[in-house]
Amino acid sequence: MSAAKIVWVDDEIESLKSQKIFLEQKGYEIITFTNGFDAIEYIKNDLPDVVLLDESMPGISGLETLAQIKEINRQLPAVLITKNETENLMEDAIGSQIADYLIKPVNPNQVLLSLKKILDNKRLVAEKTTTAYQQEFRNLFMAFNDNPDYEQWPDIYKKIVYWELEMEKSNSPEMREVLQTQKQEADNEFFKYISKNYAGWLQPKTTEKPVMSFDLLKEKVIPALEKDKPVFFILIDNLRFDQWKVLQPLFAEDFKIVNEDTFYSILPTATQYCRNAIFAGMLPSEIEKTFPDKWKNDEEEGGKNLYEEDFLTAYIKRLQKKDIKFSYTKVVNNQDAQSMMNNIHNLMSNDLNVIVYNFVDMLSHARTEMEVLKELASDETGYRSITKSWYEHSPLRQALKKIADKNIKLVLATDHGSVQVRTPYKIIGDKQTTTNLRYKHGRNLNYNPKDVLAFKNPAEIGLPVPTINSSFVFAKEDGFLCYPNNYNYYVNFYKNTFQHGGISMEEMIVPVVQMESK
């Protein structure tokens with residue numbers, strides 16, 4: 001690797017000879033100038049790695065030199081070195097996007113540290129991240145093999161997400177692969193845990209269970225209501241915990257994050273089941289009984305989430321909160337988003353404002369169909385990145401910025417997550433079998449019992465029984481269910497796409513975050 005090239009500009013450069021020698025001994029190539037004009041001319045033809053700039057020089061100051069250097073190359077890091085400690089100079093320097101700021105007299109180690117911070121930061125962080133994960137590997141492995149309960153599983157998943165995000169700083173594909181394998185092992189243990197415990201959570205007298213989709217409003221939203229302090233409940237469809245973590249800094253710019261938590265999505269981890277359960281405060285089988293004209297099963301024609309507002313109205317009445325003034329807004333396209341943004345101030349007079357925002361789900365489905373999105377979100381890092389970019393420039397963020405300075409509370413949640421599918425499983429069913437890739441229901445389903453969790457009696461887990469002898473099966477880990485006819489075509493088409501409906505930490509352990517105005 002060639003030596004990093006440093007341009008040092010100071011009208012008293014002769015007095016810095018010993019510092020120059022010190023840095024050269026550390027492996028840097030140092031090119032010196034006594035004024036900004038000569039440095040600018042040099043940089044036009046030969047780009048260094050870092051510029052060290054004295055602020056007070058005759059002819060042209062350090063900041064003026066910096067402005068011209070930035071015109072040549074905006075990305076070139078510069079360190080300002082000055083005797084002047086005034087606040088406005090510091091602010092000017094920061095505003096000019098300097099990489100570091102040193103006060104004279106500087107000792108050689110200070111300059112060395114500054115250069116290491118700028119030039120070696122990525123490498124040092126990558127090395128440290130890899131070492132830290134290697135030390136944590138065994139703890140994580142022990143945690144998910146030690147019979148964790150429903151409270152411990154979210155902690156395990158959060159740690160895995162933490163390392164996934166940290167690994168983006170690492171340049172070690174091997175370590176990323178190790179983490180990916182560990183995540184698959186954790187998902188395998190999670191599948192076994194859900195297989196053993198899920199049905200038990202849904203028995204009428206069970207008290208030992210996590211907060212689930214049908215508890216969400218009662219446990220996490222209604223308690224947030226306060227007189228003269230509107231609550232905005234934002235439900236972003238299909239938002240995984242790792243996607244929330246990349247959105248978190250953007251929300252933190254506008255709001256104070258009070259509590260970051262998770263809840264468990266019900267099965268199937270699909271919109272019509274989870275979201276209707278959230279707004280009705282009931283399991284799907286109860287919704288079907290209570291609102292027979294408003295529940296549609298997978299195979300029936302028409303929209304499956306058309307009555308959320310009706311379910312919400314009935315639920316608030318059932319909770320004996322008749323005095324709650326609330327609104328319900330659903331955003332499924334850009335026109336809806338613009339009208340929500342224009343109307344956001346009018347919602348301030350309500351106690352509770354529900355905003356259902358469909359974007360991430362559309363993104364995951366569009367990614368399956370569109371080549372350009374497959375390219376942009378080829379893996380989970382890309383998928384997170386697109387989610388962040390969407391929110392950063394979205395009408396939702398603009399709308400929330402409009403009310404960020406008002407006295408409000410924000411509860412952000414989702415209905416379910418998604419998983420990148422990689423492993424095809426064969427399944428055989430009759431014509432009435434549903435088309436979903438992560439779960440299926442129908443009669444006479446034929447499958448390998450090791451690949452799925454099956455319920456012969458859907459009522460046992462609070463699901464409607466569409467036809468007599470109809471059973472539900474849920475794919476595990478990163479599996480997807482394919483029919484034998486045209487098998488290879490469908491395997492190739494759907495492999496590595498993001499799907500939901502089955503059993504994985506990514507689909508079932510989802511964020512619910514409480515925020516308030518700063």
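## A look around a predicted model

The side chains of His416 and Thr271 make a polar contact at 3.0 Å, a polar contact being a pair of N or O atoms within 3.5 Å where, within protein, one must be able to donate a hydrogen and the other to accept it, and where residues adjacent in sequence count only if both atoms are side-chain atoms. This is a predicted model, so local features need pLDDT of at least 70 and side-chain atom pairs count only at pLDDT 80 or more, while totals for chains, interfaces and linings use all residues. Residues are numbered from 1 along each chain as its sequence is written, and side-chain values use heavy atoms, with hydrogens and water left out.

Back to that histidine. His416 sits in the loop between strand E10 (409–413) and strand E11 (419–420); helices (H or I, at least four residues) and strands (E, at least two) are DSSP runs, numbered from the N terminus. Is His416 buried or exposed? With a relative accessible area of 0%, His416 is buried. Here buried means under 20% relative accessible area, exposed means over 50%, and partly exposed is in between (1.4 Å probe, protein chains only).

The partner, Thr271, belongs to helix H10 (residues 271–280). How many residues of H10 are buried? The count is 10 of its 10 residues, and among them are Arg275 and Asn276 as well as Ile278 and Phe279. Right after H10 comes Gly281, with a positive phi near 65 degrees. On the other side, Pro268 lies in the loop between E7 and H10, and the peptide bond from Leu267 to Pro268 is cis, with omega near -10 degrees.

Another cis peptide bond joins Lys104 and Pro105, with omega about -5 degrees. Pro105 is in the loop between strand E5 (100–103) and helix H5 (108–144).

Phe279 of H10 also turns up in the core. The largest nonpolar core has 110 residues, and Ile194, Tyr198, Phe233, Phe251 and Phe279 have the most contacts inside it. A nonpolar core is a set of buried Ala, Val, Leu, Ile, Met, Phe, Trp, Tyr and Cys residues joined through side-chain atoms within 4.5 Å. Helix H7 (residues 173–201) gives the largest share, 10 residues. What does Phe233 touch, leaving aside its neighbours within four places in sequence? Its contacts (heavy atoms within 4.5 Å) include Leu216, Leu217, Val221, Ile278, Phe279, Val411 and Ala413. There is also a second, separate core of 19 residues, which includes Val9, Phe33, Ile40 and Leu53.

Now for some helix packing. Two packed helices are described by the angle between their axes and the distance between the axes. The axes are lines fitted to C-alpha atoms, for helices over the stretch in contact, and angles run from 0 to 180 degrees between N-to-C directions. H17 (residues 395–403) appears in both of these pairs.

| Helix pair | Angle | Axis distance |
|---|---|---|
| H13 (residues 334–343) and H17 | about 5 degrees | 9 Å |
| H16 (residues 380–392) and H17 | about 45 degrees | 6 Å |

The angle in the top row makes H13 roughly parallel to H17, whereas H16 and H17 are oblique to each other. The cut-offs are under 35 degrees for roughly parallel, over 145 for roughly antiparallel and 65 to 115 for roughly perpendicular, with the rest oblique.

From H13, the contact with H17 uses Asn334, Ala337, Gln338, Met340, Met341 and Asn342, and from H17 it uses Pro395, Leu396, Gln398, Ala399 and Lys402. By class, that contact has six nonpolar, four polar and one charged residues. Ala, Val, Leu, Ile, Met, Phe, Trp, Tyr, Cys and Pro count as nonpolar, Asp, Glu, Lys and Arg as charged, and the others, Gly among them, as polar. In the oblique pair, Trp390, Tyr391 and Glu392 of H16 meet Leu396, Arg397 and Leu400 of H17. The residues there divide into four nonpolar, no polar and two charged.

A few places have more open surroundings to check. Val258, in strand E7 (residues 255–264), is partly exposed at 47% relative accessible area. Not counting residues up to four places away in sequence, Val258 touches Gln514, Met515 and Glu516.

Asn147 has a positive phi of about 50 degrees although it is not a glycine. Asn147 is in the loop between H5 and helix H6 (152–167) and counts as exposed at 69% relative accessibility. Asn496 also is not a glycine and has a positive phi, about 70 degrees. Asn496 lies in the loop between helix H18 (487–494) and strand E18 (498–499), and is partly exposed at 32%.
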